[in-house]
Amino acid sequence: MPKGYWVSVYRTISDPEKLDAYNKLAAPAVKAGGGRTFVRGGRVVAHDAGIAERTILVEFDSFEQAVAAHESAAYQEALVALSDGVERDFRIVEGID
């Protein structure tokens, strides 16, 4: 069964305090949903139309698990805390089996 991934690339961070509040809630929500964070910030080299801002990569055992974790009450609470504090491109993608 192919794994599922959250890929999140931040375009801008306008409110670091909201991002901090989100991080405090999102980390346990991701873990409870079975996610394993492989990339969180760190160094970035962007090419083409890429943006060298914060990038996050989280792996789940399946695409369905990744979707369910995003829809969980705990992660939705994290999104409320984040609200308009950032502009990001967030995707849930299926890996190659």
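## Close-up views of a predicted model

**View 1. Buried and exposed positions on helix α3.** In helix α3, which spans residues 73-82, the residues Y75, A78 and L82 are buried. These three cover an arc of only 50 degrees around the axis and therefore lie on the same side of α3. On the other side of α3, A73 and V80 are exposed. The cover over the buried residues of α3 includes β1, α1, α2 and β4. Just after α3, residue S83 adopts a positive phi of about 35 degrees. As in every view described here, the model shown is predicted.

**View 2. The annotated region as a whole.** An unreviewed UniProt entry lists residues 3-96 under "domain: DUF1330". Over residues 3-96, helix accounts for 38% of the chain and strand for 32%. The C-alpha atoms at the ends of residues 3-96 are 7 Å apart.

**View 3. The four-stranded sheet.** Four strands form an open sheet in the order β2-β3-β1-β4, and their pairing is antiparallel. The edges are occupied by β2 (36-40) and β4 (86-94); each has a single partner strand, so one side of each is left without a neighbour in the sheet. From one strand to the next, the twist averages 15 degrees. In general, the strands of a sheet pair through backbone hydrogen bonds, in either a parallel or an antiparallel manner.

**View 4. Pairing along strand β3.** Strand β3 (residues 55-60) runs antiparallel to strand β1 (residues 4-13), and six bridges join the two. Within this pairing, V7 has L57 of β3 as its bridge partner, and S8 stands opposite I56 in β3. Strand β3 also pairs with β2 in the antiparallel sense, over four bridges. I56 in β3 is the bridge partner of R40.

**View 5. Helices α1 and α2 against the strands.** Helix α1 (residues 16-32) packs on the sheet and touches β1, β2, β3 and β4. The direction of α1 makes about 170 degrees with that of β1. Helix α2 (residues 63-71) lies across β1, β3 and β4. With respect to β4, helix α2 runs at about 150 degrees.

**View 6. The surroundings of S8.** Residue S8 is found in strand β1. Is S8 buried or exposed? With a relative accessible area of 2%, S8 is buried, because buried residues are those under 20%. The side chain of S8 makes a polar contact with the side chain of R88, at 3.5 Å. When neighbours within four places in sequence are left aside, S8 is in contact with R54, T55, I56, R88, D89 and F90.

**View 7. The surroundings of Y22.** Residue Y22 lies in helix α1. Y22 is buried, with a relative accessible area of 6%. Which residues does Y22 touch, not counting those up to four places away in sequence? They are Y10, Y75, A78, L79, A81, L82 and R88. Among them, Y75, A78 and L82 are the buried residues of helix α3 described in the first view. Y22 and V80 are 58 residues apart along the chain, and their C-alpha atoms are separated by 8.0 Å. V80 itself is exposed.

How values were computed: Residues numbered from 1 in each chain as written. Predicted model: local features only at pLDDT ≥ 70, side-chain atom pairs only at ≥ 80, totals over all residues. Heavy atoms only, no water. UniProt positions renumbered as here; feature names shortened; annotations may be inferred. Pairing = 2+ DSSP bridges. Axes fitted to C-alpha atoms, helices over the stretch in contact; angles between N-to-C directions. Contact = heavy atoms within 4.5 Å. Buried < 20%, exposed > 50% of the residue type's maximum accessible area, 1.4 Å probe, protein only. Arc of directions from axis to C-beta. Polar contact = N/O pair within 3.5 Å; in protein donor to acceptor, adjacent residues only side chain to side chain.
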